Amino acid sequence: SALAFAKSSSLAFAAATVAATTFAVKSAADFEQTRTGLENMLGSADKARVLLGKISKFAAETPFEFPELAQATRQLVAFGFSAEDAFGTMKQLGDVSAAVGAPINDLAYLMGTLRAQGRAFTIDIRQFAQRGIPIYEYLGKVLGKNTQQITEMIEAGKIGFPEVQKAFKAMTAEGGAFH
């Protein structure tokens, strides 16, 4: 009957409204928590506000959602990246993530731990390679070495965060695999 349809329609609309409101409140709470966390880590409300603005703009221009970009950036800051370096690195990781299908937060964690330890161990480089990232190839390009030489350099402790960072810059720059 028309009355039963009207009742079921209004119940469905009410349920959808509640769900949307709950999502909006949760999103606002997540944003506030992210803002507070970044303020504490960066030591500045202004730096946190600027960084969140950049993340929001980037989220609007890419297939990524704000929460995952904010979490990746927050991870990088927690590992000691400055606000500017964290945002730039997050963008590079986003380009790579989108191309290979690896979660951006996984890549942020790998990059952050690599930065914190300074030196790249074989397992670190393999974790990038296992996600479909041509890290050996790009380390070879930026260092002018072949894969065997790169492997030897890693084992000897001669590859660190700066070299991996250069490789990611090359991957995401014009002419790179993930530009």
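This report describes the nonpolar core, selected helices and individual side chains of a predicted model.

**The core**

The largest nonpolar core contains 43 residues. Those with the most contacts inside it are Ile 55, Met 90, Phe 128, Ile 135, Val 164, Phe 168 and Met 171. At least two residues of this core come from each of α2 (45-61), α3 (66-78), α4 (83-100), α5 (104-117), α6 (122-130), α7 (135-143), α8 (147-155) and α9 (161-172). Beyond residues up to four places away in sequence, Met 171 touches Val 96, Ile 133, Pro 134, Ile 135, Tyr 138, Gly 176, Ala 177, Phe 178 and His 179.

**Helices α7 and α8**

The table sets out the buried residues of these two helices and the glycine that follows each.

| Helix | Buried residues | Packing partners | Following glycine and its phi |
|---|---|---|---|
| α7 | Ile 135, Tyr 138, Leu 139, Gly 140 | including α6, α8 and α9 | Gly 144, positive, near 65° |
| α8 | Ile 150, Met 153, Ile 154 | α6 and α7 | Gly 157, positive, near 80° |

In α8, the buried residues are Ile 150, Met 153 and Ile 154. These residues lie on the same side of α8 because they cover an arc of only 100° around the axis. An α-helix has 3.6 residues a turn, so residues three or four places apart point the same way. The buried residues of α8 pack against α6 and α7. At the start of α8, Asn 146 places a side-chain oxygen within 3.0 Å of the backbone nitrogen of Gln 148.

Ile 135 of α7 is buried, belongs to the group with the most contacts inside the largest core, and is touched by Met 171. Tyr 138, likewise buried in α7, is also touched by Met 171.

**Helix α5 and its contacts**

Helices α5 and α9 pack at an angle of about 145°, and their axes are 9 Å apart. On the α5 side, Met 111, Leu 114 and Arg 115 take part, meeting Phe 161, Val 164 and Phe 168 of α9. By class, this contact comprises five nonpolar residues, one charged residue and no polar residues. Val 164 and Phe 168 are also among the residues with the most contacts inside the largest nonpolar core.

Helix α5 also holds Asn 105. Asn 105 has a relative accessibility of 16% and therefore counts as buried, the cut-off being under 20%. Its side chain reaches the backbone nitrogen of Ala 72 at 3.0 Å. Leaving aside residues up to four places away in sequence, Asn 105 touches Glu 68, Gln 71, Ala 72 and Gln 75.

Conventions. Residues numbered from 1 in each chain as written. Predicted model: local features only at pLDDT ≥ 70, side-chain atom pairs only at ≥ 80, totals over all residues. Heavy atoms only, no water. Core = buried A, V, L, I, M, F, W, Y, C linked by side-chain atoms within 4.5 Å. Buried < 20%, exposed > 50% of the residue type's maximum accessible area, 1.4 Å probe, protein only. Helix = DSSP H or I, 4+ residues; strand = E, 2+ residues; numbered from the N terminus. Contact = heavy atoms within 4.5 Å. Arc of directions from axis to C-beta. Polar contact = N/O pair within 3.5 Å; in protein donor to acceptor, adjacent residues only side chain to side chain. Axes fitted to C-alpha atoms, helices over the stretch in contact; angles between N-to-C directions. Nonpolar A, V, L, I, M, F, W, Y, C, P; charged D, E, K, R; others polar.
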